Amino acid sequence: MTEETGDFTPTHVVPPGGLSAWETPGTSRPAASLDPLLPVLLADRRGDWGRIVCANGWSAWVDGRLLVAVPQPPPATGRPLSRTADQRPQLAKTGEAVSRYRSAADDLAGGRIDGETFRSRTRGLRAGVVIDGESVWLYEAEHERWVYGDGVRLGTYAVSREARDGAPAGTPGTLGTPGTGPPPDAPPPTRVVAPDDGGDGGAAPRPTLPGGEG
């Protein structure tokens, strides 16, 4: 079926092996086959089924588990970056936090410390990193924000709700400020969902509906 799309902004792409599409969930035979890496908008979910909309307005149901999420774009080119900085110090801080957590986890697994000591050693540690080719997203705990790096410098990508609420109105980089990050109800900008395999190849198990319906 076809529907009005307006401004089309894809949220996912079809996996490299292509993907079968159905007119309705539970239909025995696929109605079409989607091209590899085709940009689509995930408009609805029913269990493992996902309803996608293409740029031309054509809509169908697919195995939503196989769609590959598209990270939201970094701040628009040309927009002044908030607190632009060398990304290496933040990379070092993130690496240190991960190293401290791993050390404590190793000691806990090896029986050298107990659970209470583990909680004490890891209390207050906060770190986050997603690397996708030349792009990197780092969580800066001090300012409760995600920053985006391109290999040379960092710029604010998104700020936590708590930090945003305490920031002056119109502060660049806060969630909800046009052009600086995704809206609060958008898919998490750093979540990348990899397909189970290179595609369904026509033999992938059919998605299941809520309650186990097939």
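Five strands form an open sheet in the order S6-S5-S4-S1-S7, with antiparallel pairing; two strands count as paired if DSSP finds at least two bridges between them. S6 and strand S7 (68–69) stand at the edges with a single partner strand each, so one side of each is left without a neighbour in the sheet. The names follow DSSP runs numbered from the N terminus, where helices are H or I runs of at least four residues and strands are E runs of at least two.

Before going further, a word on what you are looking at: this is a predicted model, in which local features need pLDDT of at least 70 and side-chain atom pairs count only at pLDDT 80 or more, while totals for chains, interfaces and linings use all residues. Residues are numbered from 1 along each chain as its sequence is written, and side-chain values use heavy atoms, with hydrogens and water left out.

Let us stay with the sheet for a moment. Strand S1 (residues 12–13) is joined to strand S4 (residues 39–46) by 2 bridges, and the two run antiparallel. If you want to find this pairing on screen, look for His12, whose bridge partner in S4 is Val40. Over at the edge strand S6 (residues 59–63), you will meet Asp63. Asp63 has a relative accessible area of 4% and is therefore buried; buried means under 20% relative accessible area, exposed means over 50%, and partly exposed lies in between, using a 1.4 Å probe and protein chains only. The side chain of Asp63 makes a polar contact of 2.9 Å with the side chain of Arg65. A polar contact here is a pair of N or O atoms within 3.5 Å; within protein, one must be able to donate a hydrogen and the other to accept it, and residues adjacent in sequence count only if both atoms are side-chain atoms.

Now step back to the loop between strand S3 (32–34) and S4, where Asp35 lies. Asp35 has 53% relative accessibility, so this residue counts as exposed. Its C-alpha atom is separated by 7.1 Å from that of Val14, 21 residues away along the chain. Leaving aside neighbours within four places in sequence, Asp35 is in contact with Val14 and Gly18, contact meaning heavy atoms within 4.5 Å. Leu37 sits in this loop between S3 and S4 too. Leu37 counts as exposed because its relative accessibility is 52%, and Leu37 has a positive phi of about 65° although it is not a glycine.

The helices come next. Helix H1 (residues 88–109) packs against helix H2 (residues 115–122) at an angle of about 175°, with the axes 10 Å apart. That makes H1 roughly antiparallel to H2. Axes are lines fitted to C-alpha atoms, for helices over the stretch in contact, and angles run from 0 to 180 degrees between N-to-C directions; those under 35 degrees count as roughly parallel, over 145 as roughly antiparallel, 65 to 115 as roughly perpendicular and the rest as oblique. On the H1 side the meeting residues include Tyr101, Ala104 and Leu108, and on the H2 side they include Phe118 and Arg121.

Further along the chain is strand S10 (residues 135–140), where 6 of its 6 residues are buried. In a regular strand the side chains alternate between the two faces of the sheet. In S10, Ser135, Trp137 and Tyr139 point one way while Val136, Leu138 and Glu140 point the other way, and all are buried.

S10 has antiparallel pairings with two strands. Strand S9 (residues 129–132) is joined to S10 by 4 bridges, with Val129 opposite Leu138 and Ile131 opposite Val136. The hairpin of S9 and S10 has 2 residues between the strands, and Gly133 takes a positive phi near 65°. With strand S11 (residues 145–149), S10 pairs over 5 bridges, and here Tyr139 has Trp146 as its bridge partner. That hairpin has 4 residues between its strands, and Glu144 in the turn has a positive phi of about 50°.

Finally, the whole chain: it has 3 helices and 12 strands, and of its 214 residues, 34% count as buried. Among contacts between residues at least 6 apart in sequence, 53% join residues at least 24 apart.
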